[in-house]
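Here are my notes for a colleague who is opening this entry for the first time. Please read them with the viewer at hand.

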Amino acid sequence: MKPKVFGIGFHKTATTSLSNALSCLGYRVTGPNWVDHPDIAATVSEMAFDLVRKFDAFQDNPWPILYRELDQRFPGSKFILTLRPTDEWIKSVVNHFSEEETPMREWIYGVGHPKGNEDIYVARYDRHNREVLEYFKNRSNDLLVLKITAGEGWAKLCPFLGEPTPALDFPHANTASDRKKPGKLESSCLWQTYLKARRRVRRLTAGSIAI
């Protein structure tokens, strides 16, 4: 069986792209989860441990906050820390969430929205990344640092997971330009996989008719 894979990079670090990539590799992926749960702080661990049994891979919130508990509870798991430069990250977070509040962000940052609270969000983001790197120090088989927004993709992800490299471009999803252009499904890895399979079926069907 494949080990569990936990994406533990904060939101807006290409977590959706990671999710799509893992789906292309055959993992059942979930996340984000329970963003609007009113009692997230008190219930998250119990809900998370229960959900781990039902999926192969996990990304976005709340998974980054639980990496220590997940490592202890599910030994042998793989962890992926998606990173992007802090200045790019906070700009993306503010543009995406602005003054919208959620219980999840209240739990993580102490304040529910990023606009006007940039220093608080940046401090939490940087602290999380430092602590993850320190926690997994000398454990390169367990932690992969992946900078998808800088162009990293299959070449790092597949060897880390022991998976063959797909004959597809690495998916880049949920970018600012994508959100301005609805209907970008055709550029996703899953859509490319579907088209490839459909072409193969058509070739096989045409061969059967010819015979």
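1. Ser98 counts as partly exposed, because its relative accessibility is 25% and the partly exposed class runs from 20% to 50%. The model is a predicted one. Ser98 sits in the loop that links α4 (86-97) to α5. Its backbone deserves a look: phi is positive, about 50°, although Ser98 is not a glycine.

2. Asn138 also has a positive phi, near 70°, and is likewise a residue other than glycine. Look for Asn138 in the loop between α6 (118-135) and β5. Is Asn138 buried or exposed? Asn138 counts as exposed, because its relative accessibility is 76% and the exposed class begins over 50%.

3. Two cis peptide bonds should be checked by eye. One runs from Gly31 to Pro32, with omega near 0°. Pro32 belongs to the loop between β2 and α2. Another runs from Asn61 to Pro62, with omega near 5°. Pro62 lies in the loop between β3 and α3.

4. Now the overall plan. The protein has nine helices and five strands. Read from the N terminus, the elements follow the order β-α-β-α-β-α-β-α-α-α-β-α-α-α. Of the 211 residues, 45% count as buried. The protein exposes about 11,300 Å². Carbon and sulfur atoms supply 52% of that area. Take the contacts between residues at least 6 apart in sequence: 69% of them join residues at least 24 apart.

5. How are the five strands ordered in the sheet? The order is β2-β3-β1-β4-β5, the sheet is open, and the pairing is parallel. β2 and β5 (143-146) stand at the edges. Each has a single partner strand, so one side of each lacks a neighbour in the sheet. Strands of a sheet pair through backbone hydrogen bonds, in either a parallel or an antiparallel sense.

6. β4 (residues 78-82) pairs with β5 in the parallel sense, over four bridges. Within that pairing, Leu81 has Val145 of β5 as its bridge partner. Helix α7 (residues 154-161) packs on the sheet and touches β1, β4 and β5. The direction of α7 makes about 170° with that of β5.

7. β4 has a pairing with β1 as well. These two strands pair in the parallel sense over three bridges. Val5 has Lys78 of β4 as its bridge partner.

8. How many residues of β4 are buried? Five of its five are, and the strand is mostly covered. Lys78, Ile80 and Thr82 point one way from β4. Phe79 and Leu81 point the other way. Note that Lys78 is among the buried residues.

9. Thr15 lies in helix α1 (residues 15-24). Why does Thr15 count as buried? Its relative accessible area is 5%, and buried means under 20%. Leaving out residues up to four places away in sequence, Thr15 touches Gly9, Phe10, Gln59, Asp60 and Thr82. Thr82, named above in β4, is one of these contacts.

10. Helix α2 (residues 40-52) has 13 residues. From its first C-alpha to its last, α2 reaches 17 Å, close to the 18 Å expected at 1.5 Å a residue. The helix still bends, by about 25° at Glu46.

11. Which residues of α2 are buried? They are Ile40, Thr43, Val44, Met47, Ala48, Phe49, Leu51 and Val52. An α-helix has 3.6 residues a turn, so residues three or four places apart point the same way. The buried residues of α2 pack against three strands' worth of stretches, β1 (5-7), β2 (29-30) and β3 (57-58). They also pack against helices α3 (67-73) and α5 (103-109).

Notes
Residues are numbered from 1 along each chain as its sequence is written. This is a predicted model: local features need pLDDT of at least 70, side-chain atom pairs count only at pLDDT 80 or more; totals for chains, interfaces and linings use all residues. Side-chain values use heavy atoms; hydrogens and water are left out. Buried means under 20% relative accessible area, exposed over 50%, partly exposed in between (1.4 Å probe, protein chains only). Contact means heavy atoms within 4.5 Å. Accessible areas come from the Shrake-Rupley method with a 1.4 Å probe; for residues, only the protein chains shown count as cover. The expected span of a helix is 1.5 Å times one less than its number of residues. The bend at a residue is the angle between axes fitted to the seven residues ending there and the seven starting there. Two strands pair if DSSP finds at least two bridges between them. Axes are lines fitted to C-alpha atoms, for helices over the stretch in contact, and angles run from 0 to 180 degrees between N-to-C directions.
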